[in-house]
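Here is a friendly note to read alongside the structure, written for someone meeting it for the first time. The points can be followed one by one with the 3D view open.

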Amino acid sequence: MFRNALSALRPTLARPAAPWSALQCRLLSNETKNRIEHAVKNNDVCLFMKGTQQQPMCGYSRAVVQVLEVQGVEKLHTVNVLEDNEIREGAKEYSDWPTFPQLYVKGHFVGGADIVIDMFRNKELEDLLVKEGILKPEEAPAQQ
């Protein structure tokens, strides 16, 4: 009987791999979820990244930090995903985004490096940061 059960499973084991999200699907522990939510919800701008703001450990993380600095974001909370594998894997599941960095503004997931850079280039990032009260709107030009 046991051999019949194994034989029945073999075709299942030989199937092609599922998409990334299905392979990575696991249950996020409550503790890890709470740690991620605390970082996201208690900081206006939160960046899950490789390395730190002062010492990014990948070019994409460095680029997003630089974009936020150029935009004038003064209070940036960063989480170094290289220091904690539970946070690293849990953040991917929490955001349903497979790579780092991951940017959150006012508790909402914005995106990864490509999205943030594109938003910066077309002024959408500045608009978002102003709308959310992270940046003050520029003063209107003086009337002449």
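1. Let us begin with a helix. Helix α5, residues 85-95, lies across β1, β2, β3 and β4. Its direction runs at about 60° to that of β3. Please keep in mind throughout that this is a predicted model.

2. Next, the sheet under that helix. In what order do the four strands of the open sheet stand? The order is β2-β1-β3-β4, and the pairing is mixed. The edges are taken by β2 and β4 (108-111), each of which has a single partner strand, so one side of each is left without a neighbour in the sheet. On average, neighbouring strands here are turned by 25° against each other, with direction ignored.

3. A second helix to find is α3, residues 30-41. Helix α3 packs on the sheet and touches β1, β2 and β3. The direction of α3 makes about 135° with that of β1.

4. Strand β1 deserves a slow look. Strands of a sheet pair through backbone hydrogen bonds, either parallel or antiparallel. Strand β1 offers an example of each: four bridges join β1 to β3 (residues 102-105), and these two run antiparallel, while four bridges join β1 to β2 (residues 77-80), and that pair runs parallel. To see this at single residues, take C46: its bridge partner in β3 is Y104, and in β2 C46 stands opposite H77. Further along, F48 stands opposite V79 in β2.

5. Is β1 mostly covered or mostly open? Strand β1 (residues 45-49) is mostly covered, with five of its five residues buried. In a regular strand the side chains alternate between the two faces of the sheet. In β1, V45, L47 and M49 are on one side and C46 and F48 on the other, and both faces are covered.

6. How is the parallel pair connected? Together, β1, helix α4 (residues 59-71) and β2 make a right-handed β-α-β unit. If you trace the chain from β1 to β2, α4 is the helix of this unit.

7. Some backbone details are worth a check. Most residues other than glycine have a negative phi, and most peptide bonds are trans. Which two residues are joined by a cis peptide bond? They are F100 and P101, with omega at about 10°. P101 lies in the loop between α5 and β3, and D96 is found in the loop between α5 and β3 as well. D96 has a positive phi of about 60°, although it is not a glycine. With a relative accessible area of 55%, D96 is exposed, because the cut-off for that word is over 50%.

8. K106 also has a positive phi, near 50°, and is a residue other than glycine. You will find K106 in the loop between β3 and β4. Its relative accessibility is 34%, so K106 counts as partly exposed.

9. K106 appears again among the salt bridges, of which there are four in the count. The side chains of D44 and K106 meet in a salt bridge, at 3.6 Å from N to O. This pair links distant parts of the chain: D44 sits in the loop between α3 and β1, K106 in the loop between β3 and β4, and the two are 62 residues apart. D44 is partly exposed, at 43% relative accessibility.

10. Two other salt bridges lie within helices. In helix α5, K92 forms one with E89, and the closest N and O atoms are 3.4 Å apart. Because K92 and E89 are three residues apart in α5, about one helical turn separates them. K92 counts as buried, at 14% relative accessibility.

11. The other is in helix α6 (residues 113-121). Here R121 forms a salt bridge with D118, and the closest N and O atoms are 3.9 Å apart. R121 and D118 are three residues apart in α6, so they are separated by about one helical turn. How accessible is each partner? R121 counts as exposed, at 64%, whereas D118 is partly exposed, with a relative accessible area of 43%.

Conventions. Residues numbered from 1 in each chain as written. Predicted model: local features only at pLDDT ≥ 70, side-chain atom pairs only at ≥ 80, totals over all residues. Heavy atoms only, no water. Buried < 20%, exposed > 50% of the residue type's maximum accessible area, 1.4 Å probe, protein only. Pairing = 2+ DSSP bridges. Right-handed = clockwise from strand over helix to strand, strands pointing away. Axes fitted to C-alpha atoms, helices over the stretch in contact; angles between N-to-C directions. Contact = heavy atoms within 4.5 Å.
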